[in-house]
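Q: Please take a close look at one part of this model, namely the places where its pieces meet. A connected account, suitable for a reader who has not seen the structure before, would be welcome.

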Amino acid sequence: MKIEKANAGVLTNFEVLDFLRSRGAKTDPMGCLGAVTASECKVYEYLLKTPACNQTRESVFEFVKRSEGFRLADADKLNVINWRPSSAADAYAMIEECGRRFSRDERGDVRDEDEWVQEFLEIVKEALPPPPPKAEAVQE
Amino acid sequence: MPPHLLSRPLPDAIKTELERLFLDKVIANLGLCVSVYDIRSIEGGSIHPGEGCSTYKVSFRLLMFKPFNGEVLVGRIIGYDDKGLQVSLDFFSDISIPGHLMQFGTVRGPDGRWMLKTEDGDELYLDLDDEIRFLVSSTKYPPIPIDQKEDDPPFAPMQIVGSIKGDGLGLLAWWAADEEEGRRRQSKSNSIVLL
C-alpha cells in the first residue's frame, strides 16, 4: 500500500458527525449494525456528547466569516468550532497564545485583551448553537 | 478481493475489504482509522496465477483520528497511578496525563487520587469518571515489542500525552461555575481563576 497523501485535510467534529450520520449511524446500538460498524458507532456516540451534535454547516460558515477579524489560525478555529468556548478561560485554553495575540490589533497598538476576548465570545455565542443541556442536573 | 465477495457490486465489496483491513486499527504516524471516507478510483481486476482472488488498485481516503498538538479534547478519567492520569474518549483509551503536565500545585493525595490545592485552600480531587478537558501535548507510536513479559500492560500502538496545565483545562466542573462570574472578574492572562 502506498500513502499518496498523509494529510488530505482536517475535519471538524461536526463534519465527522455529519459523515457518520449520512452513512446511517444512529444512537440505537442495534439499529446501526448494518450500515456502520461498532467502532464507528462508538465514535458517533462520543461526538454526540460534544457541542458538535447540533451544529449546522451554515452556523460553521457564519462563525468563520465573522471571526475573520481576529486572524485565528486553522488550529484555533478547529478548537473553537469543536468545543464552543463560553467563558474567557475556555477561550484561553482553545486559542494558542491568546493573551499575547489579542493584546495588539492590526496596527500594532495595544488594546484591551479582555474586551477583545469578550467580543470574540459574543460572536461564538451568536454564530454557533449552544450545546443541549446534559441529562443530569448540575449540582452546586 | 477474496472470491466470496465477488458476487457483490464492486465498490461495496472493495469498501468491505478496506474496512476489514483498516477500521479501528492504528497506522503508524497517521492515527487511528475511524472510517473509510470514500473510494476515488478502482483499477485492475487481474487475477494472479495460483490465487482465486482478483487484485485491484484502489485509491481511497480514510477518516483518521489524529489530534494535532494543541488540540483540545474532552474525555473521562478512567484511572490514575503514580505517573499520572489515564483518560478515555469512548472509542480511544490510551491517553495519559503525566504529573508534570498538570496544573501547578497538583499532587498525589493520601488515597492515591491526584489533587489540586488552590490559592483559596480548596482541595480539588481528580476522580474516576470525571470529565476532563485537556490539550494534546504529543502523540507517540511505539514500535511493536518483540516479546512482552507476563505483567506488562497491553501494548498500545498509539499513545496520546495530554496536558491540563493552563487556563480552561482540567475538570469541566472547575470552570463551569466561572461563566457567571466571568464578567465580574478582571482576569489577566495566564492566571488561574477557580470558583
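A: **Surfaces and meeting places**

Asp129(B) counts as exposed because its relative accessibility is 52%, and the cut-off for that class is over 50%. The residue belongs to the loop between β9 (123-126) and β10 of chain B. Its phi is positive, at about 70°, although Asp129(B) is not a glycine. The model is a predicted one, and every value given here is to be read in that light.

A second aspartate of chain B may be set beside this one. Asp24(B), likewise not a glycine, has a positive phi of about 65°, and its place is the loop between α1 and β1 of chain B. With a relative accessibility of 46%, Asp24(B) counts as partly exposed, since that class runs from 20% to 50%.

The strand that follows the loop of Asp129(B) leads to the contact between the chains. Arg133(B) is a residue of strand β10 of chain B. Its relative accessible area is 9%, and Arg133(B) is therefore buried, the limit being under 20%. The side chain of Arg133(B) is in polar contact with the side chain of Asp90(A), at 2.8 Å. Setting aside neighbours within four places in sequence, Arg133(B) touches Asp90(A) and Met94(A) in chain A, and its contacts in chain B include Val72(B), Leu73(B), Val74(B) and Ile164(B). Gly168(B), Leu169(B), Gly170(B) and Leu172(B) are also in contact with Arg133(B).

The wider interface can now be described. Chain B and chain A each bring 35 residues to the contact. About 3,000 Å² is buried between the two chains, and carbon and sulfur atoms give 59% of that area. On the side of chain B, Val72(B), Asp90(B) and Phe91(B) lose the most area to chain A, and together they account for 17% of what that side buries. The area lost when parts come together is often used to state the size of an interface.

Charged and polar pairs are present as well. Three salt bridges are found across the interface of chain B and chain A. In one salt bridge the side chain of Asp90(B) meets that of Lys49(A), with 2.8 Å from N to O. Two aspartates numbered 90 thus appear in this account, and they should be kept apart: Asp90(B) pairs with Lys49(A), whereas Asp90(A) is in polar contact with Arg133(B). The count of residue pairs in polar contact between chain B and chain A is nine. The elements of chain B that give two or more residues to the side touching chain A are α1 (10-22), β2, β3 (54-65), β4 (72-80), β10 (131-140) and α3 (178-182). Among these, β2(B) gives the largest share, with four residues.

Chain B also has an internal boundary. The domain assignment divides chain B into domain 1 (3-65) and domain 2 (71-178). The centres of these domains, taken over C-alpha atoms, lie 36 Å apart. Eight residues from domain 1 of chain B and eight residues from domain 2 of chain B take part in the contact. The two domains of chain B bury about 610 Å² between them, and 86% of that area is on carbon and sulfur atoms. In domain 1 of chain B, the residues that lose the most area to domain 2 are Val26(B), Leu32(B) and Phe65(B), which together supply 71% of what that side buries. There are zero salt bridges between these domains of chain B, and one residue pair is in polar contact across their interface. On the side of domain 1 of chain B, β1 (26-27) and β2 (31-47) are the elements that give two or more residues to the contact with domain 2.

The partner, chain A, has seven helices and zero strands. Of its 140 residues, 44% count as buried. Chain A is divided into domain 1 (13-53) and domain 2 (55-127). Between these domains of chain A about 730 Å² is buried, with 51% from carbon and sulfur atoms. Asn13(A), Phe14(A) and Pro51(A) supply 67% of the area that domain 1 of chain A buries there, more than any other three residues. One salt bridge is counted between the two domains of chain A. Arg57(A) and Asp18(A) form a salt bridge, their closest N and O atoms being 2.9 Å apart. Helix α1 (residues 13-23) of chain A gives the most to the side of domain 1 of chain A that touches domain 2, namely three residues.

Definitions and conventions
Residues numbered from 1 in each chain as written. Chains lettered and ligands numbered in written order. Predicted model: local features only at pLDDT ≥ 70, side-chain atom pairs only at ≥ 80, totals over all residues. Heavy atoms only, no water. Buried < 20%, exposed > 50% of the residue type's maximum accessible area, 1.4 Å probe, protein only. Domains from an automatic or database assignment. Contact = heavy atoms within 4.5 Å. Buried area = accessible area lost by both parts, 1.4 Å probe. Salt bridge = Lys/Arg side-chain N within 4 Å of Asp/Glu carboxyl O. Polar contact = N/O pair within 3.5 Å; in protein donor to acceptor, adjacent residues only side chain to side chain.
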